[in-house]
Amino acid sequence: MLFTDADLPRSPEQVAPGAMWLPGWLTRDQQAWLARQFHMWAAGPVPPRSAKVRRHEMSVTTVCLGWHWRPYAYSRDAVDVNGRRVLDFPDWMVRLGRRILFDATGDAQQAETYTPDTALVNFYDATAKMGMHQDRDEISRDPVVSLSIGDTCTFRFGNTENRNRPYRDIALASGDAFVFGGESRLAFHGVQRIHPGTAPDGCGLPQGRINITMRVTGLETGQPL
Ligand code: SIN
Ligand code: MN
């Protein structure tokens, strides 16, 4: 669609201490390239699946890189899908995460050593949502770096105590980056709704939304890059 949220001039904003929203961080071409990567990841060895949380299927489908996430653990093999080992975490994504973290914080030392080793890649159709939750299955408390492609969503970013107020609702659009670390690392957050038909032309995903969250599991020391 022409003239969406993603086309408006928007500035970086600290949403809470340690939580930075970087609108329009990815160019349209980078978005389209990542959307193509998503389609390759989705082709296997482990297909996207809806994880079951307390016997209910989540409305998003997820494919993982580096480590496979299931509620509430990481493993190398997708033991709750088809038992196959997930794809390796790509080196380029480590570099991408470092650049975003540096832009979010200005902390070169933290950014240079940031080494995400898993990415949860979620696909949202027009009706998918994600309830308020904390990302706490990682041992490490290094920041989470998130990227969005496709339709805009209403992303709710809350507090570290509970799922209720205070929270902020923000429109995460195609190309936006969002980082949460430090005091906000364990903030509750979720996706209230997708806004169908808002994916900008040329982003590589005409409908639906892809969200990539990079994280450091702290489970195994990776090879130095
Ligand atoms: C997540 O919390 O894992 C995903 C958030 C998002 O889709 O923006
Ligand atoms: Mn999360």
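Arginine 156 and aspartate 169 form a salt bridge in this predicted model. Their closest N and O atoms are 2.8 Å apart. The pair links distant parts of the chain: arginine 156 sits in strand β11 (residues 153–157) and aspartate 169 in strand β12, 13 residues apart. Arginine 156 is buried, with a relative accessible area of 16%. Aspartate 169 is partly exposed, at 38%.

Salt bridges that share partners also build a network, joining Asp135, Glu138, Arg185 and Arg215. In total, the structure holds 9 salt bridges. Side chains of opposite charge can pair when their charged atoms come close.

Another of these contacts brings together the side chains of aspartate 176 and arginine 10, at 2.8 Å from N to O. Aspartate 176 lies in the loop between β12 (168–172) and β13 (177–180), and arginine 10 in the segment before β1 (13–16), so this salt bridge ties together parts that are 166 residues apart in sequence. Aspartate 176 counts as buried because its relative accessibility is 0%. Arginine 10 is partly exposed, with a relative accessible area of 23%.

Next comes the salt bridge between the side chains of arginine 76 and glutamate 220, at 2.9 Å from N to O. This pair, too, links distant parts of the chain. Arginine 76 is in the loop between β7 (73–75) and α2, while glutamate 220 is in the segment after β15; 144 residues separate them. Arginine 76 is partly exposed, at 23% relative accessibility. Glutamate 220 is also partly exposed, at 49%.

Now turn to the metal. The manganese ion (ligand 2) is coordinated by His133 (NE2), Asp135 (OD) and His189 (NE2), at 2.2 Å. Along the chain, these donors follow the spacing H-x1-D-x53-H. Aspartate 135 lies in the loop between β9 (130–133) and β10 (144–150), and histidine 189 in strand β14 (residues 189–194), so the pair ties together parts that are 54 residues apart in sequence. Aspartate 135 and histidine 189 are both buried. Asp135 thus appears in two settings: it is a donor to the manganese ion, and it belongs to the salt-bridge network with Glu138, Arg185 and Arg215.

The strands deserve a look of their own. An open sheet of 7 strands runs in the order β1-β2-β13-β10-β15-β8-β5, with antiparallel pairing. β1 and β5 stand at the edges with a single partner strand each, so one side of each is left without a neighbour in the sheet. Neighbouring strands are turned by 20 degrees against each other on average, direction ignored. At the β5 edge, 5 bridges join β5 to β8, and these two strands run antiparallel. Cysteine 64 stands opposite leucine 120 in β8.

Helix α1 covers residues 28–42. At 1.5 Å a residue, its 15 residues should span 21 Å; the end C-alpha atoms are 21 Å apart, which agrees. Which residues of α1 are buried? They are Gln31, Ala32, Leu34, Ala35, Gln37, Phe38 and Trp41. These buried residues pack against several elements: β5 (61–65), α2 (91–105), β8 (118–124), β10 and β15 (209–215). β5, β8, β10 and β15 are among the strands of the open sheet. Just after α1, glycine 44 takes a positive phi of about 125 degrees.

Conventions:
Residues are numbered from 1 along each chain as its sequence is written. Chains are lettered from A and ligands numbered from 1 in the order in which they are written. This is a predicted model: local features need pLDDT of at least 70, side-chain atom pairs count only at pLDDT 80 or more; totals for chains, interfaces and linings use all residues. Side-chain values use heavy atoms; hydrogens and water are left out. Donors are N, O and S atoms within 2.8 Å of the metal (3.2 Å for Na, K and Ca); water is not among the atoms, so sites may look incomplete. Helices (H or I, at least four residues) and strands (E, at least two) are DSSP runs, numbered from the N terminus. Buried means under 20% relative accessible area, exposed over 50%, partly exposed in between (1.4 Å probe, protein chains only). The expected span of a helix is 1.5 Å times one less than its number of residues. Contact means heavy atoms within 4.5 Å. A salt bridge is a side-chain nitrogen of Lys or Arg within 4 Å of a carboxyl oxygen of Asp or Glu. Two strands pair if DSSP finds at least two bridges between them. Axes are lines fitted to C-alpha atoms, for helices over the stretch in contact, and angles run from 0 to 180 degrees between N-to-C directions.
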